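Here are some short exercises to work through with the model open beside you. Try each task before reading its solution.

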Amino acid sequence: MALSSDLLSILVCPACKGDLAYDASANTLTCAACRLRYKVVDDIPVMLVDEAEKF
Ligand SMILES: [Zn+2]
């Protein structure tokens with residue numbers, strides 16, 4: 001199941017409050033400004049900078 005557009009529209013990067021890019025196939029939310037990739041676990045976005053992956 002993918003994240004709903006309603007949820008995606010309110011999600012922002014916790015570090016910079018910027019928009020996130022959702023990748024449904026990778027199950028990640030990416031902040032291009034911070035170069036951080038947040039995981040989505042069981043359809044719940046893990047919006048923690050400490051848990052995000054740098055790229
Ligand atoms: Zn950010």
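This is a predicted model, and we begin in the middle of its sheet.

**Exercise 1. Find which residue in S3 is the bridge partner of Thr 28, and work out how S2 and S3 pair**.

Solution. Start at Thr 28: its bridge partner in S3 is Lys 39. Next, look at Leu 29, which stands opposite Tyr 38 in S3. Taken over their whole pairing, S2 and S3 are antiparallel, with four bridges. Finally, follow the chain from one strand to the other: this hairpin has four residues between its strands, and Arg 35 has a positive phi near 55 degrees.

**Exercise 2. Trace the other pairings of S2 and S3, and name the strands involved**.

Solution. Take S2 first. Strand S1 (residues 21-23) is joined to S2 by three bridges, and the two run antiparallel. Asp 23 has Thr 28 as its bridge partner in S2. Four residues lie between the strands of the S1 and S2 hairpin, where Asn 27 takes a positive phi near 60 degrees.

Now turn to S3. Two bridges link S3 to strand S4 (residues 44-45) in an antiparallel arrangement; here Val 41 is partnered with Ile 44. Two bridges also link S3 to strand S5 (residues 53-54), again antiparallel, with Lys 54 as the bridge partner of Leu 36.

**Exercise 3. Decide whether Asp 42 and Asp 43 are buried or exposed, and say what their phi values have in common**.

Solution. Step one is location: Asp 42 lies in the loop between S3 and S4, and Asp 43 is in that loop too. The hairpin formed by S3 and S4 has two residues between the strands.

Step two is the backbone. Most residues other than glycine have a negative phi. Asp 42, however, has a positive phi near 50 degrees, and Asp 43 has a positive phi near 65 degrees.

Step three is burial. The cut-off for an exposed residue is 12 or fewer other C-beta atoms within 10 Å. Asp 42 has 7, so it is exposed. Asp 43 has 11 such neighbours inside 10 Å, so it counts as exposed as well.

**Exercise 4. List the residues of the largest nonpolar core and find which strands give two or more of them**.

Solution. The core has seven residues: Cys 13, Leu 20, Leu 29, Cys 31, Leu 36, Tyr 38 and Ala 52. Strands S2 (28-31) and S3 (36-41) are the elements that each give two or more residues to this core.

Now check the two faces of S2. In a regular strand, side chains alternate between the two faces of the sheet. Thr 28 and Thr 30 are on one side of S2, Leu 29 and Cys 31 on the other, and all are buried, so both faces are covered.

For a closer look, choose Leu 36. Leaving out residues up to four places away in sequence, Leu 36 touches Ala 15, Cys 31, Val 49, Ala 52 and Lys 54.

**Exercise 5. Describe the chain as a whole: how many helices and strands does it have, and how compact is it?**

Solution. Count the elements: one helix and five strands. Their order from the N terminus is α-β-β-β-β-β. The radius of gyration is 10 Å, close to the 10 Å from the globule rule for 55 residues, so the chain is as compact as a globular protein of that length. Along the principal axes, the C-alpha atoms fill a box of roughly 25 × 20 × 15 Å. Of the 55 residues, 16% are buried.

Conventions:
Residues are numbered from 1 along each chain as its sequence is written. This is a predicted model: local features need pLDDT of at least 70, side-chain atom pairs count only at pLDDT 80 or more; totals for chains, interfaces and linings use all residues. A nonpolar core is a set of buried Ala, Val, Leu, Ile, Met, Phe, Trp, Tyr and Cys residues joined through C-beta atoms within 7 Å. A residue is buried if 20 or more other C-beta atoms lie within 10 Å of its own, exposed if 12 or fewer, and partly exposed in between; C-beta atoms are placed from the backbone. Two residues are in contact if their C-beta atoms, placed from the backbone, lie within 7 Å. The radius of gyration is taken over C-alpha atoms; the globule rule is 2.2 Å times the number of residues to the power 0.38. Two strands pair if DSSP finds at least two bridges between them.
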